[in-house]
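Hi,

Here is the structure I promised to pass on. Have a look at it first, then read my notes below.

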Amino acid sequence: MDKNMRFQISFVLSRVLNSGIIMSIEKNEKEIKGLEKAIAKITKLPYVSTFNSYTGALHGALQGNDIGHGDFATLSNTSDQEEKFIDWLGITNQYAMEQDTFERFSVNWQNIGSFEEELQKHSTIVLDFTELGFGPCALMATKDNRVWEKAERLKIFGAFDLRTMWTQEESHPDLQPGIQFNYRISPLVAACAKLSLLKRGEIVENRFFAKTT
């Protein structure tokens, strides 16, 4: 592992762990919302949904675009994992179309400083942050509120479920899916990803780490 990368990872982890952030579904949880706001600012796409896996975000983007069992999607250069997951959902992938249904991009320590420059002009983007090393983490960003609503509704303890928990009133009953998934990301992982974005492009020296190597 590159030495500069180790400095960044150790700095981020020490800051987050010292904050006392833990996994929760508390009403005032701020780390997940903070990560979503950071991505919205970077991508210029106003609606962002977080997921605890890349396949979760992929599922959210498909669901948001009304692509489900028996439907077709267009995703180029798919991995074996993506193909197996799409097939499991009962969706057929087409390769002959000119443009993908949505964009997918993996963020790592090499491109985190300017990854938005590599994104095309899609209205919906799936970003995978798992390669940063903090745990499975992915997001879907979109310009369409309805796409966000449908994707968010897939998540147990997503935005709509949390409102129901605290108000005991159902919101947007027309969006209820046939099944929900445990796609909610840990606030700890979200905090690590968020702090990495805030410090992106910087080489942050961790003094304790430097003294012990």
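Let's start with Cys137, which is buried, at a relative accessible area of 1% (buried means under 20% relative accessible area, exposed over 50%, and partly exposed in between, using a 1.4 Å probe and protein chains only). Why is Cys137 not bonded to another cysteine? Its sulfur is 9.3 Å from the closest cysteine sulfur, in Cys192, and that is too far for a bond. Cys192 is likewise in no disulfide, with the sulfur of Cys137 as its nearest cysteine sulfur. A disulfide here is a pair of cysteine sulfur atoms within 2.5 Å, and by this rule the count is zero. Cys192 also counts as buried, at 3% relative accessibility.

Before going on, a word on where this comes from: it is a predicted model, where local features need pLDDT of at least 70 and side-chain atom pairs count only at pLDDT 80 or more, while totals for chains, interfaces and linings use all residues. Residues are numbered from 1 along each chain as its sequence is written, and side-chain values use heavy atoms, with hydrogens and water left out.

Next, strand S5. Helices (H or I, at least four residues) and strands (E, at least two) are DSSP runs numbered from the N terminus. S5 covers residues 124-128, and five of its five residues are buried. Thr124, Val126 and Asp128 point one way, while Ile125 and Leu127 point the other way.

Which strands pair with S5? Strand S4 (residues 103-106) does, in the parallel sense over four bridges, and so does strand S6 (residues 138-142), in the antiparallel sense over five bridges. Two strands pair if DSSP finds at least two bridges between them. To trace this on screen, Glu103 has Ile125 in S5 as its bridge partner, and Asp128 has Ala138 in S6.

Now for a loop. Lys199 sits between helix H7 (187-198) and helix H8 (207-211), and it counts as partly exposed at 26% relative accessibility. Its C-alpha atom is 8.6 Å from that of Gly113, although the two residues are 86 apart along the chain.

Last, back to Ile125: this residue also helps to line the second largest pocket, and the lining includes Ile42, Lys44, Glu116 and His122 too. By class, the lining has four nonpolar, three polar and three charged residues (Ala, Val, Leu, Ile, Met, Phe, Trp, Tyr, Cys and Pro count as nonpolar, Asp, Glu, Lys and Arg as charged, and the others, Gly among them, as polar). A pocket is an open set of points on a 1 Å grid over the protein atoms alone, where a 1.4 Å probe fits, with protein on both sides within 12 Å along at least five of seven lines; lining residues have an atom within 4 Å of a point.

Cheers
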